[in-house]
Amino acid sequence: MVKIQRIFVFLLFLGICSSMQAQDKGNPITFNAGADFMSRYVWRGTQYGGVAPSIQPSVSMGIAGLEIGAWGAFSTGGVNTTQEFDLYLSYTFAKDMFTATVTDYYFPVEGSDYKYFCYDKDKTGHVFEGSLSFNGTEKLPISLLLAVNFYGADAARIIDDPKSSEFNQKDGIQYSTYAELGYSTAVEDVSLDFFLGMNLLAPKKADTQTGYVGESGFYGKYMGVVNLGLTASKEIKITEHFSLPIQASLITNPMDEKVFFVFGFSL
């Protein structure tokens, strides 16, 4: 627990120091705050927060490619609904082509006695993820993302060696991994973003003698496509000085045989 806290504090300290150095060199600090209002919260092919609209606020500070921020998702209906509160630290480099990010995901359940500041590896509800993305260029509008859970409440890894005295016991996390390929284009004033996301974790099959199946991965039970679809977005002019960004997404999860149609706008 102490080790993880120290790592996260160190990263925040490093970010603040880098920001101060960049400010001394004349780079301005930027602050952003806003919120998305979505008909449903669907992330990487899975629905979160219950069957209700979701309010998703965000705030961030950035300077010279470095960004520190917080993001949340709060359902507007339901009882004991799982919400979300995330912290992240990212760095964009190589002329904005690449971004490295460390994210702390947390899903508090309203009405329960959750312990946000518990970071013990066997008890914590936090999930720490490291990711690297290629953001594409104007001439190459293709994006690539690779994200790995490296600590916390990921699915358990199971010892599968029958010769081990701890056979079929938990042995750390599975390091659930997600990869996504994206392509962006536009038709007139409508932006189109196609995406294909995969669960790269391939859990072991159940032991034929014990029947123990362990735990499925963070994104699914086996390797395969979990997030396939299209997002269309545009800005609707409200006044001379204000336009409202809207979007609609058709999302499918072939692995779970699910489909979602989500609409939202941003302020």
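The protein has one helix and 16 strands. Both kinds of element are DSSP runs numbered from the N terminus, with at least four residues (H or I) for a helix and at least two (E) for a strand. Keep in mind that this is a predicted model, in which local features need pLDDT of at least 70 and side-chain atom pairs count only at pLDDT 80 or more, while totals for chains, interfaces and linings use all residues. Residues are numbered from 1 along each chain as its sequence is written, and side-chain values use heavy atoms, with hydrogens and water left out.

Let's start with the whole chain. Of its 267 residues, 35% count as buried; that label means under 20% relative accessible area, while exposed means over 50% and partly exposed is in between (1.4 Å probe, protein chains only). About 16000 Å² of the protein is exposed, and carbon and sulfur atoms supply 60% of that area. Such areas come from the Shrake-Rupley method with a 1.4 Å probe, and for residues only the protein chains shown count as cover. As for contacts (heavy atoms within 4.5 Å), take those with a separation of 6 or more: residues 24 or more positions apart account for 50% of them.

Now for strand β1, residues 30-38. Nine bridges join it to β4 (residues 54-63), and the two run antiparallel. Strands pair here if DSSP finds at least two bridges between them. F37 stands opposite I55 in β4. Strand β1 is also joined to β16 (residues 258-266), again antiparallel, by three bridges, and here D36 stands opposite S266.

F31 sits in β1 too. Is F31 buried or exposed? It is exposed, because its relative accessible area is 60%. Apart from neighbours within four places in sequence, F31 is in contact with S60 and M61. The C-alpha atoms of F31 and G62 are separated by 6.5 Å, though these residues are 31 apart along the chain.

T101, in strand β7 (residues 98-105), has a relative accessible area of 16%, so it counts as buried. Leaving out neighbours within four places in sequence, T101 is in contact with Y88, L89, S90, E129, G130 and S131.

Two loop residues have a positive phi without being glycine. Here they are side by side:

| Residue | Phi | Loop | Relative accessible area |
|---|---|---|---|
| Y175 | near 55° | between β11 (170-173) and β12 (177-187) | 41%, partly exposed |
| E257 | about 60° | between β15 (243-253) and β16 | 72%, exposed |

Finally, the empty space. Rolling a probe the size of a water molecule over the atoms shows where such space is left. The largest pocket holds about 1600 Å³. Which residues are the closest to its centre? Of the 45 residues that line the largest pocket, they are W43, R44, W71, L145 and E180. On a 1 Å grid over the protein atoms alone, a pocket is an open set of points with protein on both sides within 12 Å along at least five of seven lines, and lining residues have an atom within 4 Å of a point. Grid points are joined across faces, edges and corners, and a volume is the space filled by probe spheres set on the points.

The lining of the largest pocket divides into 17 nonpolar, 19 polar and nine charged residues. Ala, Val, Leu, Ile, Met, Phe, Trp, Tyr, Cys and Pro count as nonpolar, Asp, Glu, Lys and Arg as charged, and the others, Gly among them, as polar.

Terms used: On a 1 Å grid over the protein atoms alone, a cavity is a set of points where a 1.4 Å probe fits but cannot get out, and a pocket is an open set with protein on both sides within 12 Å along at least five of seven lines; lining residues have an atom within 4 Å of a point.
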